[in-house]
Amino acid sequence: MSKVCIIMTSYNKPKFIGKALQGILNQTYKDFELYLMDDNSNEETQKVIEPFLKDDRIKFFKSKVESISERVSKVRYAVLINKVLNEVNSKYITYATDDNVYRPNRLEKMVEFLDDNPNINVIYSSSITNFLDNEDNIVRSINRQAKEVTWCAPCILDHCSIMHRASILPIIKKRFESYWDENPQFYRIGDARFFWKINHFWPFHPINEILDDNYITETSIHHQLFSKEKSEFIKKLPKQRTCKELRSFLKNYRKEAK
Ligand code: TYD
Ligand code: MG
């Protein structure tokens, strides 16, 4: 078993997933395995993925989900991530998506930090979020800086900029009965909901260095949510729960714990 388990979810990002996979294979730190969890992407995407599967560090899974109703009945990336979390034995767990590119030293920096700090369980790094127009030009970028230890991580940091010890997982499961939340009310902020669970027990410690670049593409859930014409997928989603709710809960929770 490798020391680091990377869980990448994928659905229909043919223009991006090649870069995302290459970013992982280019890591200076080598003791990892990548679970590539594809949610039954179109042929174009599958063609991009295929050559990468020769690398035996990549474990590939493809779901059988077809209809939009099935896609909105659960937070699909949470389902795919939980499937891996139920099986792996690596020491450290980290997450990737098909539209995020790790910088070459991401794993090296994060593993070194956790190795050097045995009492720290969860870390995050700075990251760049790029918003793209219809032709994939960057129209706006946000630098999300990892400056402080935070007990309120939801919506200030991103899916692909954290790493945690696997040892936290049984504690999360015992308290919440699951790891990532599959309730479709959290489709928009599934990562924030997982960070919310983590923040009941542990803070996130910062590495103030940009270690990944994230892209909000034309087909991203967020792009669809905020565009004027709503897709079938968005129309079928239940009302989405909010960052505000998660963040104010945690602030009160901390006050009461003090
Ligand atoms: P994405 O479209 O990138 O949304 P955003 O970045 O705006 O939150 O989707 C997030 C991840 O979820 C991505 O890795 C693909 C995965 N996903 C599935 O696995 N199945 C699905 O049906 C959808 C819509 C997304
Ligand atoms: Mg995305």
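**Exercise 1. Methionine 37 and its neighbours**

Find which residue in S3 stands opposite methionine 37, then work out how S2 sits between its partner strands.

*Solution.* Start with the residue itself: in this predicted model, methionine 37 faces phenylalanine 61 of S3. Next, look at the pairing behind that match. S2 and S3 (residues 58-62) run parallel and share 5 bridges. Now go to S1 (residues 4-10), where threonine 9 has methionine 37 as its bridge partner in S2. S1 and S2 are parallel too, joined over 7 bridges. To get from S1 to S2 the chain passes through helix H1 (residues 17-25), and this β-α-β crossover is right-handed. Carry on along the chain: S2, helix H2 (residues 43-49) and S3 form a right-handed β-α-β unit.

**Exercise 2. The two faces of S2**

Sort the residues of S2 by the way they point, and decide whether they are buried or exposed.

*Solution.* Take one face at a time. Phe32, Leu34, Leu36 and Asp38 point one way, while Glu33, Tyr35 and Met37 point the other. Then check the burial: every one of them is buried. That fits the tally for the strand (residues 32-38), where 7 of 7 residues are buried and S2 is mostly covered.

**Exercise 3. What hides H1?**

Work out why H1 counts as largely enclosed, and name elements that cover its buried residues.

*Solution.* Count first: 7 of the 9 residues of H1 are buried, so the rest of the structure largely encloses the helix. The buried ones are Ile17, Gly18, Ala20, Leu21, Gly23, Ile24 and Leu25. A bit of helix geometry is handy when you look at that list. With 3.6 residues a turn in an α-helix, residues three or four places apart point the same way. Last step, the cover: S1, S2, H2, S3, strand S4 (92-97) and strand S5 (100-102) are included in what lies over the buried residues of H1.

**Exercise 4. S9 and its partners**

Describe how S5 and S6 each pair with S9, and say how enclosed S9 is.

*Solution.* Begin with S5. S5 pairs with S9 in the antiparallel sense over 3 bridges, and valine 101 has aspartate 213 as its bridge partner there. Now try strand S6 (residues 122-132), which runs parallel to S9 over 9 bridges. Here serine 127 sits opposite aspartate 212 of S9. As for enclosure, 9 of the 12 residues of S9 (residues 205-216) are buried, so the rest of the structure largely encloses this strand.

**Exercise 5. S8 and its partners**

Which way do the residues of S8 point, and how do S4 and S6 pair with S8?

*Solution.* Pointing first: Ile162 and His164 go one way from S8, Met163 and Arg165 go the other, and all are buried. Then the S4 side, where S4 and S8 run antiparallel with 3 bridges between them. The bridge partner of isoleucine 93 is histidine 164 in S8. On to S6, which is antiparallel to S8, again over 3 bridges. In this pairing, isoleucine 123 stands opposite methionine 163.

**Exercise 6. The largest pocket and glutamine 224**

Describe the lining of the largest pocket, then classify glutamine 224 as buried or exposed.

*Solution.* Get the space first: the largest pocket holds about 1,300 Å³. It is lined by 47 residues, with Lys13, Asp99, Ser220, Ile221 and His222 nearest its centre. By class, that lining splits into 18 nonpolar, 15 polar and 14 charged residues. Helix H8 (residues 221-226) is the top contributor, giving 5 residues to the lining. Glutamine 224 lies in H8. Its relative accessibility is 18%, so glutamine 224 counts as buried, the cut-off being under 20%. Leave aside its neighbours within four places in sequence, and glutamine 224 touches Thr219, Lys230, Ser231, Phe233 and Ile234.

**Exercise 7. Two positive phi angles**

Locate aspartate 136 and cysteine 155, and read off phi and exposure for each.

*Solution.* Aspartate 136 comes in the loop between S6 and strand S7 (138-144). Its phi is near 65°, a positive value in a residue other than glycine. With a relative accessible area of 25%, aspartate 136 is partly exposed. Now do cysteine 155, found in the loop between S7 and strand S8 (162-165). Phi of cysteine 155 is near 70°, positive in a non-glycine residue. The relative accessible area of cysteine 155 is 27%, so it is partly exposed.

How values were computed:
Residues are numbered from 1 along each chain as its sequence is written. Chains are lettered from A and ligands numbered from 1 in the order in which they are written. This is a predicted model: local features need pLDDT of at least 70, side-chain atom pairs count only at pLDDT 80 or more; totals for chains, interfaces and linings use all residues. Side-chain values use heavy atoms; hydrogens and water are left out. Buried means under 20% relative accessible area, exposed over 50%, partly exposed in between (1.4 Å probe, protein chains only). Helices (H or I, at least four residues) and strands (E, at least two) are DSSP runs, numbered from the N terminus. Two strands pair if DSSP finds at least two bridges between them. A crossover is right-handed if, with the strands pointing away from the viewer, the path from the first strand over the helix to the second runs clockwise. Contact means heavy atoms within 4.5 Å. On a 1 Å grid over the protein atoms alone, a cavity is a set of points where a 1.4 Å probe fits but cannot get out, and a pocket is an open set with protein on both sides within 12 Å along at least five of seven lines; lining residues have an atom within 4 Å of a point. Grid points are joined across faces, edges and corners, and a volume is the space filled by probe spheres set on the points. Ala, Val, Leu, Ile, Met, Phe, Trp, Tyr, Cys and Pro count as nonpolar, Asp, Glu, Lys and Arg as charged, and the others, Gly among them, as polar.
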